[in-house]
Amino acid sequence: MIFVDQSPRATLSRVIDHLGSTLLEVVAGEVGPDAGVGGVVIHDAGDPPELPDHALVLGVGVSGTAELVDLIRSMGDRSVAGVMARLPIEVDEELRQVVDNAGTVLLGLTRGASWAHVATFLRSLITVDDLEEGGGELPAGGHGDLFTLATAVSSLLDAPVTIEDLNSAVLAFSANQEEADDSRKEGILGRRVPERYTRELAERGIFRRVYSSSDPVFIRAFHEGDLSRVALRVCAGDEVLGSMWAAVAEPLSEDRQQAFVDSAKIVALQMLRQRAGADVERRLRTDLVATLIEGGPRAREAAERLGLAGGPSCVLALGLLDDGDALGLEAELQRARGALSLHLSAIQPSSAVALVGGVVYGVMRVREASVAAELRVLEVAGEFIGRLGSPRRMLIGLGRVADGPADLAQAGSDAVRALRVLRSGQVSGQTARSSDVAVQEVLLDVCALAADRRWRVSGSLGALRAHDESRGSALIETLGAWLDAFGDVHAAARSLHVHPNTFRYRLRRVAAVGGVDLDDPEARFAAMLELRMLEIMG
């Protein structure tokens with residue numbers, strides 16, 4: 001279960017506004033204008049959580065009217081802001097009455113939206129409210145971006161200041177860095193604290209001291225010519241977001257230490273806003289793209305929010321060949337997502353990119369629904385693969401042009417199917433249009449159906465394969481070469497590097513052993529299909 005700040009500062013209406021009707025809808029109950037959210041709890045039927053006042057309960061895994069009724073009744077007399085469950089939800093009279101009696105609101109989360117993303121979004125939203133109410137004070141003009149904040153804190157301490165994340169990347173710095181030492185200037189230029197310095201900080205236990213203390217930590221200079229440092233962790237609740245570092249000649253006075261501590265609250269707020277803004281925007285964008293690809297009544301609204309509702313679009317599906325390294329694959333997919341987003345937006349600013357279910361989808365507006373438009377997008381995909389590069393083989397399938405939001409689900413399905421063909425190795429290259437690999441798509445479907453039904457080769461091919469295995473012959477290979485050459489014995493013989501007379505003898509053995517009537521077009525078609533299925537299924 002997850003708890004988030006238990007004082008109802010965030011409101012339910014604000015939550016609904018931020019998530020939007022594309023992802024969330026009110027199924028039953030009334031949302032009051034001042035209805036607060038004091039915490040977020042993930043419901044666990046096996047271990048019912050303790051509910052804070054004004055909790056928003058995420059009913060993960062709860063389905064069906066009866067389960068929802070039981071869940072809401074189990075809350076007793078506790079004040080609950082709302083209950084969220086996965087759509088679709090059938091609301092009968094009993095469920096509606098239970099919701100009204102509890103004085104709560106039943107919310108529906110759209111299919112495809114991630115519970116983890118929703119929980120993270122809510123946590124960020126409520127924590128921002130908490131920090132906004134309890135933040136410290138900075139000089140006038142000190143409530144802007146992180147760079148403005150760094151300069152404001154610097155004026156309080158009369159010392160150059162940097163704001164860093166947990167990996168010692170320099171997020172922002174004050175304007176007076178000419179007063180700092182060379183190692184600080186090197187870190188500013190590289191936007192990261194030099195590795196030799198972070199290694200020494202770690203070996204001396206400085207990071208551990210800084211992140212475990214709520215007070216500023218004074219760190220004497222390690223080397224001649226360097227200034228000392230005063231470091232302070234930056235926290236949002238019990239989560240450490242990063243740290244602030246001031247380059248000083250001596251320890252801070254008591255008043256300046258207190259000013260440093262107070263300013264950390266404002267810095268935490270801005271860091272959280274930046275992180276939440278980037279994370280939530282990406283996650284909501286992911287959910288919107290997932291809604292587009294899934295289709296349904298919310299697809300148009302999702303397209304409008306993404307700026308993709310005004311004309312035809314193409315859908316790309318990017319995937320990587322799996323080498324068994326799950327973590328490496330995920331990291332590479334995330335890198336590809338960011339790079340593809342940048343690549344497509346440079347060509348078409350309204351493009352949308354998201355990683356959904358192990359596939360990076362890109363939705364790109366085109367001028368018209370035409371073959372030329374598809375070929376241009378395919379060219380863009382090829383250029384992207386050539387520029388990015390990857391330790392794993394990168395593949396991109398392209399769906400048909402969608403005339404509007406209602407057709408994007410089919411276009412996405414087409415793109416994934418083309419990607420599936422590329423992964424199967426049936427076609428060469430790293431990009432493919434679904435229209436160019438339609439036959440291969442059907443063959444994959446046939447093979448999947450055959451595997452599901454435990455298909456076996458026909459009697460003819462079965463007899464040929466048994467003969468090859470027992471006698472060391474090449475009758476199946478002979479039949480395949482003859483079919484590939486459209487019955488041209490000389491061409492087929494050349495492909496197998498044998499004399500035409502030898503090939504004719506083998507062909508007669510094919511007819512005798514397998515009982516294959518090579519003059520019958522139906523028999524030839526059946527043999528070609530089975531040989532291709534054997535090739536695909538192994």
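**Exercise 1. Decide whether F147 and F173 are buried, partly exposed or exposed in this predicted model.**

Solution. Start with F147: its relative accessibility is 33%. Buried residues fall under 20% and exposed ones over 50%, so F147 counts as partly exposed. Now take F173, where the relative accessible area is 23%. By the same reasoning, F173 is partly exposed.

**Exercise 2. Work out what kind of ring pair F147 and F173 form, and where in the chain the two residues sit.**

Solution. A helpful starting point is that two aromatic rings are described by the distance of their centres and the angle of their planes. By the pairing rule, the model has 4 aromatic pairs. For F147 and F173, the ring centres are 5.2 Å apart and the planes stand at 80°. Planes over 60 degrees apart count as edge-to-face, so this pair is edge-to-face. Next, find the two residues: F147 belongs to helix 5 (residues 146-157), while F173 belongs to strand 9 (residues 170-173). With these positions 26 residues apart, the pair links distant parts of the chain.

**Exercise 3. Classify the pair of F207 and Y211, then look at what surrounds the question of burial and clustering.**

Solution. Here the ring centres lie 6.2 Å apart, and the planes meet at 10°. Stacked pairs have planes under 30 degrees apart, so F207 and Y211 are stacked. Both residues are in helix 8 (residues 206-212), and because they are 4 residues apart, about one helical turn separates them. As for burial, F207 has 17% relative accessibility and therefore counts as buried. Finally, ring pairs join F207 and Y211 with W245 in a cluster.

**Exercise 4. Find the residue that lies over the face of F222.**

Solution. Look for R204: it lies over the face of the F222 ring, at 4.0 Å from the ring centre.

**Exercise 5. Describe the largest cavity: its volume, its lining and the elements that contribute to that lining.**

Solution. First, the count: there are 2 cavities of 30 Å³ or more in the structure. The largest has a volume of about 110 Å³. Second, the lining: 13 residues line this cavity, and those nearest its centre are E164, R184, V193, Y197 and R229. Third, the elements: strand 8 (161-165), helix 6 (182-190) and helix 7 (195-203) each give two or more residues to the lining. Helix 6 provides the largest share, with 4 residues. Last, the character of the lining: 7 of its residues are nonpolar, 3 are polar and 3 are charged.

Key:
Residues numbered from 1 in each chain as written. Predicted model: local features only at pLDDT ≥ 70, side-chain atom pairs only at ≥ 80, totals over all residues. Heavy atoms only, no water. Phe/Tyr/Trp six-rings, centres within 6.5 Å; stacked < 30°, edge-to-face > 60°. Buried < 20%, exposed > 50% of the residue type's maximum accessible area, 1.4 Å probe, protein only. Lys NZ or Arg CZ within 6 Å of the ring centre and 35° of its normal. 1 Å grid on protein atoms, 1.4 Å probe; cavity = no way out; pocket = protein on both sides within 12 Å on 5 of 7 lines; lining within 4 Å. Points joined across faces, edges and corners; volume = space filled by probe spheres on them. Nonpolar A, V, L, I, M, F, W, Y, C, P; charged D, E, K, R; others polar.
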